[in-house]
Amino acid sequence: MSDTFDDYTIYLSEEAQESLAAYICSACGGEMAPAEDGSDTLVCSVCGKVKTVSFCDLGPGDELCGGVIRRVLGGGSCGELFMVEYPDYSRSVVKVLKNSDLEDDASRIRRFEMEADIMAKLPHPNIVQLKEFVRKENALYLVMEYVEGYNLLQMVSQEFYFSPETVLEIAYCLADALRYAWENCALLHRDIKPSNIMISSDGEVKILDFGLSKDCGTDTGLTAVGQALGSPGFMSPEQFRDSRIKDCRSDIFSLGVTMYFVLSGGKMPYSGKSALAAFQSIISTSPEPIRKYNSEVPEEISGLVMSMISADIEKRPENWSVLMSMMEDIAKTL
């Protein structure tokens, strides 16, 4: 990492940590609490969104992969997530995919296996590390590094303050990790967004969830022509058209949208709740300048972000090394 960014840290006060500890609704940022009927669901106190805690028959107190489940972290079609504590008090995140429920969906099993393969290739300090991949008769398990902290969506939703300089430092760490993945393994993440970026309690930045990643050096056949994979609002226009895109500038776009989201206090450069509406917004509208929402953002950082989120791929930074060099030059002027 460049010496320009060697003093990176984020301090969370005890009050901030307490306010961020609640489960955060992905729809509105409100707090989610267990349903009063005792069912296996959480309910948002603001918008009423209901979320199933887990689709597995596992919960706190159950044994899993040599430890005991202490917390259910969420899950969905790509697997269920649990925080597991071991006898020596160390912790891991275990992602579970039940084979017994997937007899007719071999592609999900293959994508889960690919996620393990991809994570094993990425020994980078800003990427969550794979500890073990376990195969059993009725399930697959990814045992991963546990990061004590909060993701950027939680922090922005709770109005945690980020200085523009800190956002630039976070983005530099992410760019370095994504550069490593691209230059060494020809990997695209394809799902960079605030909820997939953790800030640990001691200030480290970590990228999560490589479940939608693509190895551009191989053709797995898991993504069909014209199929779009990713999160609407953070996907590049070319990713909407075809998720088989093999250009790192697609991930640069997603990182730019994430920076815009954090710098603006939760605003999105392009509107649209559905994938189609988001795509139409990207190709037909121009984002509002970040300084409209946050006057503290220097013009240099604003200009960089706006270039990263350009609908025209040729107007974005050429690659990760070029982007990081631009960030270093800006940091020297602040």
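**Briefing: salt bridges, a buried helix face and model confidence**

At 53% relative accessibility, Lys 292 counts as exposed, because the threshold for that class is over 50%. The structure described here is a predicted model. Its chain has a mean pLDDT of 80, with 74% of residues reaching 70 or more. The points below cover the salt bridges, helix H8 and the segments of low confidence.

**Salt bridge of Lys 292**
- Lys 292 pairs with Glu 288 in a salt bridge, with an N to O distance of 3.5 Å.
- Glu 288 is partly exposed, at 36% relative accessibility, whereas its partner Lys 292 is exposed.

**Salt bridges in a network**
- Arg 70, Glu 85, Arg 91 and Glu 148 are joined into one network by salt bridges that share partners.
- Within this group, the side chains of Arg 91 and Glu 85 form a salt bridge at 3.3 Å, N to O.
- Glu 85 is buried, with a relative accessibility of 14%, while Arg 91 is partly exposed, with a relative accessible area of 30%.
- The value for Glu 85 is under 20%, so the residue falls in the buried class.

**Salt bridge between a helix and a strand**
- Glu 113 and Arg 135 form a salt bridge in which the closest N and O atoms are 2.9 Å apart.
- Because Glu 113 belongs to helix H2 (residues 106-120) and Arg 135 to strand E9 (residues 130-136), the pair ties together parts that are 22 residues apart in sequence.
- Glu 113 is buried, at a relative accessible area of 16%, whereas Arg 135 is exposed, at 55%.

**Total of salt bridges**
- The count for the model comes to 16 salt bridges.
- Those described above include the pairs Glu 288 with Lys 292, Arg 91 with Glu 85, and Glu 113 with Arg 135.

**Helix H8 and its packing**
- Helix H8 spans residues 299-308, and its buried residues are Ile 301, Ser 302, Leu 304, Val 305, Ser 307 and Met 308.
- These buried residues pack against three helices: H4 (164-185), H6 (249-263) and H9 (320-333).

**Segments of low confidence**
- Over residues 15-22, pLDDT stays under 50, and the model has 12 contacts beyond four places in sequence for this segment.
- Residues 220-228 also have pLDDT under 50 throughout; for them the model has 25 contacts beyond four places in sequence.
- Predicted coordinates should not be read in detail where pLDDT is low.

Terms used:
Residues are numbered from 1 along each chain as its sequence is written. Side-chain values use heavy atoms; hydrogens and water are left out. A salt bridge is a side-chain nitrogen of Lys or Arg within 4 Å of a carboxyl oxygen of Asp or Glu. Buried means under 20% relative accessible area, exposed over 50%, partly exposed in between (1.4 Å probe, protein chains only). Helices (H or I, at least four residues) and strands (E, at least two) are DSSP runs, numbered from the N terminus. pLDDT is the predictor's confidence in each residue, from 0 to 100. Contact means heavy atoms within 4.5 Å.
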